[in-house]
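User: Please take a close look at one part of this model, the contact between its chains, and set it beside the contact between domains within a chain.

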Amino acid sequence: MRKTIISLVIPAIIIVIWAVLTTYTGIIPSYLIPSPHDVFEAFKSLLMNGILIKDTVDTLSRVIIGFIVAAIVAVPLGILIGWSETVENYLSFIIGILRPIPPIAWIPFAILWFGLGLGSAIFIIFVGSVFPILISTADGVKRIDKVYIESAYTLGADKLQTIKKVVFPAALPNIITGLKVGMGIALMCTVAAEMIGSNNGLGYLILTATSMLDSASAIVGMLAIGVIGLTFEYIFTRMERKLNW
Amino acid sequence: MVFKIKKVNKNFQNKTMEMEILKNIDLTIEDGEFLVLLGPSGCGKTTLLRMIAGLDFPSSGTITDNDVPVLNPSPERGFVFQQYSLFPWRTVLDNVAFGLEVKGIDAEERYEKAKNYIEMVGLSAFIESYPNQLSGGMKQRVAIARALVNEPDSLLMDEPFAALDVLSRHKLQKEIIQIWQQETKTIIFVTHNVDEAVFLADRILVFSERPGRIIQTLKIEQERMRDRTSEEYLDIKRKITGLLETNQKF
């Protein structure tokens with residue numbers, strides 16, 4: 001509780017300074033930075049006409065679908081890479097070369113292959129979040145104390161059982177950390193993708209509002225993204241803590 | 001007999017050199033015997049135990065368990081590690097039930113059986129605890145229960161009490177003797193502690209420093225529980241300590 005209050009101090013100060021500089025003194029003209037009041041009014045009208053909720057749902061569903069696809073591919077593959085040196089040798093070069101390519105660079109190809117809309121957004125999110133999950137999972141598997149694996153073998157587990165019942169849970173804290181990082185990147189990718197190849201979602205909201213000089217609505221869109229990110233961060237951090245044996 | 005170890009040599013290879021770990025080990029371990037492998041650290045006694053378990057393999061020679069070559073780990077040969085090896089994400093109950101779970105035994109039966117073994121090591125009050133809530137001695141008790149639940153013919157123990165304080169160590173030594181008498185298992189126990197060896201063993205194999213060879217075999221006939229202060233007990237300890245010291249190179 002005390003932590004929550006402390007964390008709100010600086011945002012409160014920022015809002016006060018912001019209000020003073022815009023509404024009360026007019027030092028900063030409203031076309032550069034809209035006043036807190038303008039932002040609140042924009043928030044109210046975007047909420048009332050349903051646009052904010054619709055765009056949030058659009059963005060969220062893209063993020064979640066793309067993220068789940070990435071996790072379904074990255075977690076098993078990461079376990080395999082961490083488990084088997086042979087698999088790692090086969091894949092390390094190709095992963096090493098694909099990983100540094102910014103997901104945004106794939107947008108033209110995504111549009112060519114999947115057209116405008118959900119398909120290409122999912123692809124971009126996938127490209128962005130698959131690597132952090134993969135690397136974190138493989139790393140987690142490699143760090144497992146050998147004594148757990150040897151215990152499983154001496155207790156009669158075969159390889160598959162050992163991977164399912166020992167390797168996976170032992171690497172789970174690292175996997176969750178990978179998912180947390182991957183989710184953050186997924187959100188950034190979605191918004192970037194929406195700004196280029198989409199006609200809905202929070203990225204699209206920000207872009208259209210900016211182009212109509214409605215900077216108050218743009219800030220509403222930006223804050224909505226921040227709130228989504230914060231919520232996911234909170235969920236994953238809670239999961240991490242629960243797994244801290 | 002249970003284990004036959006014939007002409008076993010073990011070398012470790014690293015980038016620059018080959019190191020001899022064990023040299024020419026010949027050994028038969030009888031059914032129901034409490035055998036202690038005693039020696040200075042680095043003498044290869046743990047490596048020998050791991051090879052008997054199937055966690056490691058000889059460079060030459062053969063190891064058989066009831067005439068079957070040991071090629072991989074098996075629940076028939078329970079293993080208790082020196083390090084704490086309980087799965088930290090599982091409760092005591094689920095740790096002990098692990099061996100039955102991978103065998104496909106249904107939950108009700110495996111929990112009932114696991115509880116019996118947890119009771120045997122005196123931890124019934126802790127079945128829902130996680131390993132990080134237990135002391136070192138309790139963790140090793142759970143590890144013993146976890147190995148026993150598979151009803152192995154033999155129990156291989158790699159310095160299981162090395163990290164414990166003297167009082168807990170003595171307590172666990174008594175408990176392992178009780179379990180051994182009650183369950184009639186073959187136990188192979190690795191230690192560098194002379195007192196522990198003399199307290200536990202039917203037979204002690206004393207190893208030299210690397211490369212490890214068996215320099216002496218001692219049978220101990222004294223009745224259990226052994227009195228650590230008896231003249232006979234102290235004599236054996238003195239003899240072994242002298243033997244280890246005269247074979248010390250550095």
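Analyst:
**The interface of chain B and chain A**

In this predicted model, the contact draws 24 residues from chain B and 17 residues from chain A. Between chain B and chain A an area of about 1,800 Å² is buried, and carbon and sulfur atoms give 67% of that area. Three residues, Trp89(B), Phe98(B) and Val102(B), supply 33% of the area that chain B buries against chain A, more than any other three residues.

The polar side of this interface can be described in two parts. The rule finds two salt bridges across the interface of chain B and chain A. Glu150(A) and Arg50(B) meet through their side chains in a salt bridge, with an N to O distance of 2.7 Å. There are also five residue pairs in polar contact across the interface of chain B and chain A, both residues being at pLDDT 80 or more.

As to secondary structure, strand 6 (77-80), helix 3 (98-102) and helix 5 (136-148) of chain B are the elements that give two or more residues to the side of chain B that touches chain A. Helix 3 of chain B gives the most to that side, with four residues. Sorted by class, the side of chain B that touches chain A has 13 nonpolar, six polar and five charged residues.

The second contact lies within chain B, which is divided into domain 1 (30-57 + 65-76 + 153-226 + 237-250) and domain 2 (86-151). The C-alpha centres of domain 1 of chain B and domain 2 of chain B are 24 Å apart. In this contact, 16 residues of domain 1 of chain B meet 12 residues of domain 2 of chain B. The area buried between domain 1 of chain B and domain 2 of chain B is about 1,100 Å², with carbon and sulfur atoms giving 66%.

Across the interface of domain 1 of chain B and domain 2 of chain B, the rule finds one salt bridge. Arg141(B) forms a salt bridge with Glu175(B), and their closest N and O atoms are 2.9 Å apart. Two residue pairs are in polar contact across this domain interface, both at pLDDT 80 or more. Strand 7 (154-158) and helix 6 (166-183) of chain B each supply at least two residues of the side of domain 1 of chain B that touches domain 2 of chain B. Helix 6 of chain B provides the largest share of that side, seven residues. By class, the side of domain 1 of chain B that touches domain 2 of chain B comprises nine nonpolar, one polar and six charged residues.

Methods
Residues numbered from 1 in each chain as written. Chains lettered and ligands numbered in written order. Predicted model: local features only at pLDDT ≥ 70, side-chain atom pairs only at ≥ 80, totals over all residues. Heavy atoms only, no water. Domains from an automatic or database assignment. Contact = heavy atoms within 4.5 Å. Buried area = accessible area lost by both parts, 1.4 Å probe. Salt bridge = Lys/Arg side-chain N within 4 Å of Asp/Glu carboxyl O. Polar contact = N/O pair within 3.5 Å; in protein donor to acceptor, adjacent residues only side chain to side chain. Nonpolar A, V, L, I, M, F, W, Y, C, P; charged D, E, K, R; others polar.
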